[in-house]
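Student: I should like a close look at a single strand and at what surrounds it. Please set out the answer as one connected account.

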Amino acid sequence: CPCSGGRPGGFVKLRLISCEVLYREMCDAVARSPHLVDAEFLPKGWHDLGGKRMSALVQERVDAVPRGAYDAILLGYGLCGNGLDSVEARHTMLVLPRAHDCIALLMGGRQRYQQFFEEHPGTFYRSTGWLERGKELRQLTHATAGLDATLEELVAKYGEENGRYLYEELTRYRQNYRRLVYIETGLEPDRRFEEEARWEAAENGWEFQKMRGSLELFRRLVNGEWGGGEFLPVQQGERIRATYDDRVVSVETVRQIVA
C-alpha cells in the first residue's frame, strides 16, 4: 500500500468521506478492505448548493478529522460540478479518484464515461444510490434550485400564467434527454431498483438501457491501490484543482501550510 505512515504488518488506518449516493458500493469495498477504514457519508443534496458551497462543506468535514489519527483521508467523490475544487490537505494526505462525477466511478473510470457520454448524448443516469437516496432530499433541492417544484406548487405561489411559465422553464432540461441508463453493480438486493428506473424512463418517454457497472475504483480506493493514474494523492500543503481536461483534477500548492 502506498499510504504514507504505514503501520507494522502493513496495517493502515484510513478515513473515508463519501457521498451517500455511493453508500452500498463504498460499504461493500470497506468490508473487503485489508485496512481499517472509518467511513462518513455526506448528503447527496450538497451537490445542489453549487461548487463553492459544497467544497466549503467538504472542507469542514476534512478538517474535522483528528490530526494524526489516520494515514490518509479518502474522498469518495468525483469532481462533481467543482464540488471538490479548492479542498485542501491541511494536516493529512487526501486521495480521490480522477473522475468527473459518481457516474464515472460507477462505470469504472473516466475513459469509459467519456466515451459513452460522447457516443450517447441525451442520457440520464440512475443507480441504486440515486434511486434510494434522493427522495428524502427533495426539499433541499427545491429550496436551492427549484427543480422539484410541481406545477401545482408554482401556480399556487406565482399565479396561473407565471406558474406555468416557470414550470416550463424549470423542466426544460428534460427535453434534452432521450435515454435513461440504469447502472447495475451486482450489489442490488432484488429487481425493485431496476423496475423503478424502467418506470421513470417510461413516464418520460425515454429509451431504457441497463449497463453493467464496476466496483473496481471503490475497492482500489479503500485498498490503497492508488497507482496507474486513476487516483490523485494530495499531500499536506496542497489543494485540489479542476483541470478541465482528461486529468479531471490536479494539485496546487497552498501558499501557507497550516502548522
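Tutor: The account below begins with the model as a whole and then turns to strand β5 and its neighbours.

The model is predicted, so local features are given only at a pLDDT of at least 70 and side-chain atom pairs count only at pLDDT 80 or more, whereas totals for chains, interfaces and linings use all residues. Residues are numbered from 1 along each chain as its sequence is written, and side-chain values use heavy atoms, with hydrogens and water left out.

The protein has ten helices and eleven strands; these are DSSP runs numbered from the N terminus, helices being H or I over at least four residues and strands E over at least two. Of its 259 residues, 48% are buried, where buried means under 20% relative accessible area, exposed over 50%, and partly exposed in between, with a 1.4 Å probe and protein chains only. A contact is defined by heavy atoms within 4.5 Å. Among contacts between residues at least 6 apart in sequence, 65% join residues at least 24 apart.

Strand β5 comprises residues 94–97 and includes Leu 96. Leu 94 and Leu 96 point one way from β5, Val 95 and Pro 97 point the other way, and all are buried. In general, the side chains of a regular strand alternate between the two faces of the sheet. Leu 96 has a relative accessible area of 0% and is therefore buried.

Two strands are taken to pair if DSSP finds at least two bridges between them. Strand β5 pairs with β3 in the parallel sense over two bridges, and Leu 94 is the bridge partner of Ile 73. With strand β9 (residues 231–234), β5 runs antiparallel and is joined by four bridges. Here Val 95 stands opposite Pro 233.

Which residues does Leu 96 touch, leaving aside those up to four places away in sequence? They are Leu 75, Leu 84, Glu 230, Phe 231, Leu 232, Val 234, Ile 240 and Val 249. Leu 96 and Leu 74 are 22 residues apart in sequence, yet their C-alpha atoms are 6.0 Å apart in space.

Two of the residues touched by Leu 96, Ile 240 and Val 249, lead to another sheet. Strand β10 covers residues 238–242 and is joined to β11 by five bridges, the two running antiparallel. Val 249 in β11 stands opposite Ala 242. The open sheet has three strands in the order β4-β10-β11, with antiparallel pairing. Its edge strands are β4 (88–89) and β11 (249–253), each of which pairs on one side only.

Strand β3, the parallel partner of β5, also leads to helix α1. The buried residues of α1 (residues 23–32) are Glu 25, Met 26, Asp 28 and Ala 29. Seen down the helix axis, these buried residues fall within an arc of 160 degrees, so they line one face of α1; the arc is that of the directions from the helix axis to the C-beta atoms. The elements that cover them include β1 (13–19), β2 (36–42), β3 (72–76), α3 (102–107) and α10 (216–223).

A further strand shows a similar arrangement of side chains. In β6 (residues 123–126), Thr 123 and Tyr 125 point one way and Phe 124 and Arg 126 the other way, and all are buried. Four bridges join β6 to β7 (residues 179–184), and these strands run parallel. Within that pairing, Arg 126 has Tyr 182 of β7 as its bridge partner.
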